[in-house]
Amino acid sequence: MTYRLTPTADGLRIDVSGAPVLPAVRPALGPSVTAYRSSNTQVWLATPFALVRTEGWRASEATLARGTRVLILDFGPTLHGGAGDSLRGLRADAVAAPSPGGVGRPGSPAVNAAPRLVSSSAPLDAGLTPSDVISSVAGVTPPPTPPALPGQTPGQSSALSGEVPGRLQTGTPLLTPRISTNPGLTRVVLDLPPGARYHMVPSGLGLRVELTGVSAEARSAQNVSPEVRAWRYDPTPDGVTVTLLTGTPVAARSGWRAQLVEPLSGSDRSRLAIDLSPALADLTPLTTRERVLAAIPTVTALGGAAILAMRTQWVKPRVVIDAGHGGHDPGGVGAVTEKQVALDVSLRVRDLLRSAGVEVVMTRETDRELFADKAADLNARAAMGTPGTQLFLSIHVNAMPAASAIRGYGVETWWNPNHPLSSAFAALIQNNVIAVTGAFSQGLRNNRSLAVLRNSRIPAALIEIGYTSHPVDGLNLQNPNYLDRVALGIAQGIREALVTGVSASGVGGADK
């Protein structure tokens with residue numbers, strides 16, 4: 001067996017030959033290793049600090065008493081040494097520096113060596129939109145104090161414009177983009193001279209970067225990575241247009257992040273670093289105004305049908321919120337544990353709805369199951385949609401096997417034909433959550449076997465708010481701002497269902 005060690009700004013990549021690698025996704029192994037991912041022939045260890053050839057890490061080999069050879073990796077911001085002399089399995093090209101202008105298919109040193117991002121003392125501009133700052137995703141760690149991208153105003157969300165500090169150098173040749181890949185995410189870096197200007201426009205086909213102050217001949221590359229199908233340079237009278245074609249749509253607040261990084265020592269080139277992944281969602285905090293759900297009008301109930309005088313009563317609409325799993329049933333386990341996140345979001349939804357005038361019934365408010373028997377537990381949850389209840393929503397987190405984890409990301413909502421309005425209710429939940437979070441929409445799913453939906457007598461839906469198994473989506477689920485946005489989207493969907501009549505008819509009893 002041989003291996004190649006590639007230190008990057010985001011951690012250590014290990015490419016293995018001569019032995020299979022078992023696919024796995026694991027959360028932080030310690031303060032210096034924030035994630036572990038492996039698949040087929042590659043292992044990725046993410047670190048919260050940059051690694052270079054001999055700094056931030058140390059590798060050695062040892063032979064155990066039973067004859068097994070092991071690779072020992074130490075990580076720490078003050079460690080030095082890199083690849084030691086005892087590494088018999090190390091390939092000769094293991095830690096060679098990549099060529100600055102190289103590009104190719106994933107697997108080549110030029111593609112897989114991530115740019116070394118260096119922090120700036122410039123403060124983060126609170127007015128930037130979420131697409132302007134790279135968040136810590138998929139092992140890609142931004143500088144601790146990222147620089148502000150100039151030229152952006154709080155209301156400017158459909159495109160991003162800016163200028164590289166310094167005197168304009170008209171027509172400076174634009175180097176080939178440097179590209180690095182991590183599971184679920186691709187980073188593209190453009191080296192820009194002083195005075196160059198950029199204008200970035202997301203679209204359904206990808207991201208367009210309009211540059212002035214640089215020049216380049218028409219060139220392109222195909223099949224760059226799973227997230228970047230192709231890139232292309234098109235000369236213009238004023239500069240160059242860079243087109244990054246993605247496999248999924250890129251929106252103003254999702255699918256990408258960008259950051260301008262100051263030059264390395266000895267260079268005058270700033271770096272425009274662009275992360276692309278369909279799992280990148282809106283992680284900006286909600287404003288104080290957004291955290292308030294508009295009040296929901298009380299409804300009129302007609303009671304006492306057996307008496308001569310009908311009585312009119314004003315009551316709050318009632319909704320059941322089911323936090324999936326709990327107790328001895330953890331649900332999906334990956335970057336997060338499903339039962340914990342489901343409860344966290346459910347409690348946030350509860351608080352939003354109650355403040356808006358809704359009576360909220362929770363299937364659980366602590367880490368517990370209703371019954372040890374799974375079937376009995378699900379039936380008990382569904383049965384909480386008692387007469388007088390308008391809607392039932394179950395909140396879950398999705399997951400996929402490690403071998404296919406990269407294919408699972410985003411939000412989807414399930415419904416069952418238990419009630420004529422269940423599909424409409426599910427659509428309102430899905431649409432509102434996608435609108436607030438910017439998450440990738442997996443759409444609506446019809447399932448006839450989910451007992452928690454099938455056994456409900458009122459409009460019911462089940463939402464999967466993300467994938468704990470995906471390296472990018474899993475970090476979304478760890479972010480409190482994302483959970484706030486998910487909860488707000490759910491609450492807005494429930495409110496819309498109540499005020500538009502997509503709920504059990506009347507408050508005197510559930511539909512038969």
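How much area does the protein chain expose, and what share of it do carbon and sulfur atoms supply? The exposed area is about 21,600 Å², and carbon and sulfur atoms supply 56% of it. The model on display is predicted.

**The whole chain**

Begin with the entire protein chain in a secondary-structure representation, where seven helices and 28 strands can be followed. Of its 512 residues, 54% count as buried. Among contacts with a separation of 6 or more, 70% are made by residues 24 or more positions apart.

**Salt bridges**

Next, display the charged side chains; the structure holds 22 salt bridges. Select Arg 69 and Glu 61, whose side chains meet in one of these, at 3.0 Å from N to O. Arg 69 counts as partly exposed, at 32% relative accessibility. Glu 61, by contrast, has a relative accessible area of 12% and is buried, because the limit for that class is under 20%.

Proceed to Glu 359 and Arg 318, which form a salt bridge with an N to O distance of 3.5 Å. Glu 359 belongs to strand E24 (residues 359–362) and Arg 318 to strand E23 (residues 318–323), so that this pair links distant parts of the chain, 41 residues apart. Glu 359 is partly exposed, with a relative accessible area of 34%.

Remain on strand E23 and select Asp 322 together with Arg 381: the closest N and O atoms of this salt bridge are 2.6 Å apart. Since Arg 381 lies in helix H3 (residues 374–382) and Asp 322 in strand E23, the pair ties together parts 59 residues apart in sequence. Are these two residues, Asp 322 and Arg 381, buried or exposed? Both are buried.

Then select Arg 291, Asp 344, Arg 348 and Asp 484 as a group; salt bridges with shared partners join them into one network.

**Aromatic pairs**

Finally, turn to the aromatic rings, where the structure holds two pairs. For Trp 231 and Tyr 233, the ring centres are 5.0 Å apart and the planes stand at 55°, so the pair is tilted. Trp 231 is buried at 3% relative accessibility, and Tyr 233 is buried at 0%.

The other stop is Tyr 409 with Phe 440: their ring centres are 5.1 Å apart and their planes are at 70°, which makes the pair edge-to-face. Tyr 409 sits in the loop between strand E25 (391–398) and strand E26 (411–415), and Phe 440 in the loop between helix H4 (422–437) and strand E27 (441–446); the pair therefore ties together parts 31 residues apart in sequence. Tyr 409 is buried, with a relative accessible area of 13%, whereas Phe 440 is partly exposed, at 23%.

Terms used: Residues numbered from 1 in each chain as written. Predicted model: local features only at pLDDT ≥ 70, side-chain atom pairs only at ≥ 80, totals over all residues. Heavy atoms only, no water. Salt bridge = Lys/Arg side-chain N within 4 Å of Asp/Glu carboxyl O. Buried < 20%, exposed > 50% of the residue type's maximum accessible area, 1.4 Å probe, protein only. Helix = DSSP H or I, 4+ residues; strand = E, 2+ residues; numbered from the N terminus. Contact = heavy atoms within 4.5 Å. Areas by Shrake-Rupley, 256 points an atom, 1.4 Å probe, with all protein chains shown as cover. Phe/Tyr/Trp six-rings, centres within 6.5 Å; stacked < 30°, edge-to-face > 60°.
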